[in-house]
Amino acid sequence: MEVYEAILSRRSIKHFTSAPVEVAAIDRALAAGIWAQNHHLTQPWRFSVLGPQAHRALATANGAVAAEAVQVGDDAMRERVRAGAEAKYLSKPLIVVVSCVLHGSELDRREDFAATCCAIQNIQLAAWDEGLGMQWSSNNMTRHPRAAALLGINPAEEEIIAFLYFGYPAETPPAQPRKALDDVTRRLP
Ligand SMILES: Cc1cc2nc3c(=O)[nH]c(=O)nc-3n(C[C@H](O)[C@H](O)[C@H](O)COP(=O)(O)O)c2cc1C
């Protein structure tokens with residue numbers, strides 16, 4: 001796939017077929033991530049590829065956290081919310097957690113965060129070329145201590161940036177319109 005074709009056809013994919021994700025394809029996409037540009041070459045990105053046990057544990061935790069957040073309603077309502085939140089994660093064929101090593105000054109951390117985001121973009125485009133869809137999630141669970149704990153991530157050392165949901169697209173949504181280039185560009189003399 002040509003670069004422009006990949007950039008323009010890429011969509012965030014939220015609904016996947018039940019087909020398991022090819023491990024080699026994910027590894028190739030993650031390997032594209034580590035070629036992202038990165039000031040001082042700190043290589044701050046870390047990838048946690050969840051196997052079935054960790055995936056289920058994260059889904060269970062997501063259900064529990066969602067149920068705890070229910071302020072009004074009875075136990076039946078709480079159980080519906082719990083089951084829905086758990087099922088949502090279980091519907092994702094593969095979850096990769098991307099974290100960023102926390103190191104150096106505030107500026108270093110800002111640049112490392114930016115580099116990790118560049119890695120995620122590389123990964124998504126490479127996955128797209130592999131026929132794999134992906135959605136970047138930054139929901140509350142990515143910042144929840146329970147998620148870090150079950151993933152074995154020390155929040156003092158690494159910040160979770162994203163949960164990446166991968167799978168083969170069950171549907172590809174239409175492009176969401178963008179502002180025209182001239183609306184976001186200053187052309188200086
Ligand atoms: C930093 C970041 C966080 C995102 N978090 C979420 C999220 O939590 N949930 C979600 O549905 N999409 C999330 N997205 C995906 C955007 O919603 C998506 O890119 C946007 O709707 C445009 O759609 P497209 O990617 O198909 O062009 C995130 C994207 C970025 C860059």
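These legends walk you through three close-up views of a predicted model.

**View 1. The residues around the ligand.**
Welcome to the ligand and its neighbours. Two of the surrounding residues are Arg11 and Ser12. A run of names follows further along the chain, with Gln135, Trp136, Ser137, Ser138 and Asn139 also around the ligand. Gln176 completes the set. Sorted by class, this shell holds six polar residues, one charged residue and one nonpolar residue.

**View 2. The largest nonpolar core.**
Here you can look inside the protein, at a core of 36 residues. Ile95, Val98, Ala127, Leu164 and Phe166 have the most contacts within this core. Two or more residues come from each of helix H2 (23-33), helix H3 (52-68), strand E2 (94-101), helix H5 (106-129) and strand E4 (158-167). The biggest contribution is that of H5, which supplies eight residues. For a single residue to follow, try Ile95: leaving aside residues up to four places away in sequence, Ile95 touches Leu50, His55, Leu58, Phe163, Leu164 and Tyr165. As a general background, nonpolar side chains in soluble globular proteins tend to be buried together.

**View 3. Helix H4 and its two sides.**
Helix H4 spans residues 75-90, 16 residues in total. From the first C-alpha to the last, H4 reaches 22 Å, close to the 22 Å expected at 1.5 Å a residue. Ala85, Glu86 and Tyr89 are the buried residues to find in H4. Seen down the helix axis, the buried residues of H4 fall within an arc of 95 degrees, so they line one face of the helix. Their cover includes H3. On the other side of H4, you will find Ala76, Met77 and Ala87 exposed.

Terms used
Residues numbered from 1 in each chain as written. Predicted model: local features only at pLDDT ≥ 70, side-chain atom pairs only at ≥ 80, totals over all residues. Near = placed C-beta within 6 Å. Nonpolar A, V, L, I, M, F, W, Y, C, P; charged D, E, K, R; others polar. Core = buried A, V, L, I, M, F, W, Y, C linked by C-beta atoms within 7 Å. Buried ≥ 20, exposed ≤ 12 C-beta atoms within 10 Å, placed from the backbone. Helix = DSSP H or I, 4+ residues; strand = E, 2+ residues; numbered from the N terminus. Contact = placed C-beta atoms within 7 Å. Expected span 1.5 Å × (residues − 1). Arc of directions from axis to C-beta.
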